[in-house]
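Please open the model in your viewer and keep the selection panel at hand, since this tour proceeds one selection at a time. At each stop, the text says what to select and then what is to be found there.

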Amino acid sequence: MIIYDFYIFNNIGNCLFYIELRGQRSENKRENKQKLMFGLIYTLKSFCRKFSPEPISVSPFTSYVTDSYKLHILETHSGLNFIMITDTNAPDQTSCLSYIYSNLFSPFVLRNPFYEPKKPISSAVFRQKLLEHFDTLDSSRKA
Amino acid sequence: MARKSSQVQGEQIWNQSEKVNAELFAFTYGSLVVKLIRELENISEVNRQLETMGYNIGLRLIDDFLSKNDVTCETTKDTAEVIAKTGFRMYLGVTCDVTNWNADENEFSLILADNPLTEFVELNEDYRDLKYLNLLCGVIRGALEMVRIKSVCTLERDSLKGDEFTELRVVIKEKVQDEYEPDDD
Amino acid sequence: MHYHFFIVNKIGLIIYDRYYQGTAKLSANDMIRFSSTLNSVHLISAQITPPNLRKTGLKVLNTKTFKLFCYQTTTGVMFCLVSDPNSQDMESLCKKAYQHYSDYVLKNPFYETDQQIRIEGFDQAIDRLFLEKAV
């Protein structure tokens, strides 16, 4: 599996955390892209709620695919959005995203007394742990 | 290329599709042209009408074509090849050759050696300005427009007027990008 | 199991829709909103493609309760199918629907392009396509 990008957004569209695993973009473009991304998932979520044959509460959609990439998303009850972009053949990553939420985000970010909610995450340990986790999933990354 | 060549693809679809009698087809087209000449009484207007009719056909025909073919045209060369080998084979039962590329590779000629539409046609002197096959030019223009290629297609040489073969000249004016590109790379 | 099939033309208007399996019908206004949303979603999802990959728009949307498949033709018409989350082969069904569209709709000389499709033969062909395959 190839992992391209990873994002964490809160419910009002602040990008709390962002990592590019393949290729760098300029600062300006990055910000632009984050805005587009949040707008897109926000739209898709309301779209899904309306379209769904049965009512769905949180995280109405789990992933979408284009010819080039696949986007996985997990929305928590607290309104956080964990987003991961992979290659198109990747299987469902819901469990991976909830692993990140409960085993990485929760201990290394939330339990850090210096973390301010709604502010970008600066924890180096979290970043490190996350990268290690991605390395186990994306074996081609180190090569 | 991994995919089927355009020639093979055209051949297969030709074999699968239903045929109509070539004479009926030629008669229908012939009487259409004659009717237009009688009604409009002006050859250049007839040429224009034929082109417009072709254009309207092309607008629809393209979807029929794409829904039955798996084509991806990256370059103008691919496009020309697909028109000549798949398109003409599929709809007229003939293939034509692509030649006379200009240096910028945005103009080419389609050479038709054989054509079911003109088999029994003889043009008399009064109709020397008539572009009997102008409908085909319109079809190409209309079909290309639907895939966002602006083009002009003209009947360059006509076997009905004593030329050795029929030549359709296609000039690609512009490939329209409809993608939203803010400030990219 | 297929719930809903619709066609969006290249300027983002719904020109055809059909419901199956007793799904609640959406209001005309909702549908208009959707189809235009879908168009922009398609564009933006292409825009956020990671670097060095070909920019292409949304094709499949997976949710817990349904799956949406969009097949966009080279001419810009979009064929969309909403089915249960486990549906397979939605792409080939949409391509078949495209063929029916070119046969029943575009070859009908009285059909005006980009207008609402009201053609009985097409309805029947589409129903055959989606009801036959449903288990």
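How many residues does helix α3 of chain B have, and what distance does it reach from its first C-alpha to its last? Bear in mind while looking that this is a predicted model. Select residues 43-68 of chain B, and you have the 26 residues of α3(B), which reach 36 Å between the first and last C-alpha, close to the 38 Å expected at 1.5 Å a residue. Now centre the view on Arg60(B), where α3(B) has a kink of about 30 degrees.

Keep α3(B) selected and add chain C, because the next stop is the contact between chains B and C, to which chain B gives 12 residues and chain C gives 13 residues. The most on the side of chain B that touches chain C comes from α3(B), with 8 residues. Colouring that side of chain B by class gives 6 nonpolar, 1 polar and 5 charged residues.

Stay in chain B and move on to its strands. Select residues 97-99 and 107-112, which are β1(B) and β2(B), an antiparallel pair joined over 3 bridges; within this pair, Thr99(B) stands opposite Ser109(B). Then add residues 166-175, the strand β4(B), which pairs with β2(B) in the antiparallel sense over 6 bridges. Here Leu110(B) of β2(B) has Leu168(B) of β4(B) opposite.

Next, hide chain B and show chain A by itself. Its 3 helices and 5 strands follow one another along the sequence as β-β-α-β-β-β-α-α. If you draw a box along the principal axes, the C-alpha atoms of chain A fill roughly 40 × 35 × 30 Å. The radius of gyration of chain A is 15 Å, which agrees with the value near 15 Å that a compact globule of 143 residues would have. Buried residues make up 31% of the chain, and among the contacts in chain A with a separation of 6 or more, 40% are between residues 24 or more positions apart.

Is β1(A) largely enclosed or open? Select residues 3-9 of chain A: 7 of the 7 residues of β1(A) are buried, so this strand is largely enclosed by the rest of the structure. Add residues 81-86 to see β5(A), which pairs with β1(A) in the antiparallel sense over 6 bridges, with Phe82(A) as the bridge partner of Ile8(A). Then add residues 15-20, the strand β2(A), which also runs antiparallel to β1(A) and is joined to it by 5 bridges; Asp5(A) stands opposite Glu20(A) there. The hairpin of β1(A) and β2(A) has 5 residues between the strands, and Gly13(A) in this hairpin takes a positive phi near 95 degrees.

For the last stop, bring chain C back beside chain A. How many residues does each of these chains give to the contact? Chain A gives 31 residues and chain C gives 29 residues. On the chain A side, β1(A), α1(A) at residues 27-51 and β3(A) at residues 61-66 are the elements that give two or more residues, and the largest share, 11 residues, comes from α1(A). By class, this side of chain A has 16 nonpolar, 8 polar and 7 charged residues. Finally, select β3(A) together with residues 58-63 of chain C, the strand β3(C): these two strands run antiparallel and are joined by 5 bridges, and in β3(C) the bridge partner of Ser63(A) is Asn62(C).

Key: Residues are numbered from 1 along each chain as its sequence is written. Chains are lettered from A and ligands numbered from 1 in the order in which they are written. This is a predicted model: local features need pLDDT of at least 70, side-chain atom pairs count only at pLDDT 80 or more; totals for chains, interfaces and linings use all residues. Helices (H or I, at least four residues) and strands (E, at least two) are DSSP runs, numbered from the N terminus. The expected span of a helix is 1.5 Å times one less than its number of residues. The bend at a residue is the angle between axes fitted to the seven residues ending there and the seven starting there. The radius of gyration is taken over C-alpha atoms; the globule rule is 2.2 Å times the number of residues to the power 0.38. A residue is buried if 20 or more other C-beta atoms lie within 10 Å of its own, exposed if 12 or fewer, and partly exposed in between; C-beta atoms are placed from the backbone. Two residues are in contact if their C-beta atoms, placed from the backbone, lie within 7 Å. Ala, Val, Leu, Ile, Met, Phe, Trp, Tyr, Cys and Pro count as nonpolar, Asp, Glu, Lys and Arg as charged, and the others, Gly among them, as polar. Two strands pair if DSSP finds at least two bridges between them.
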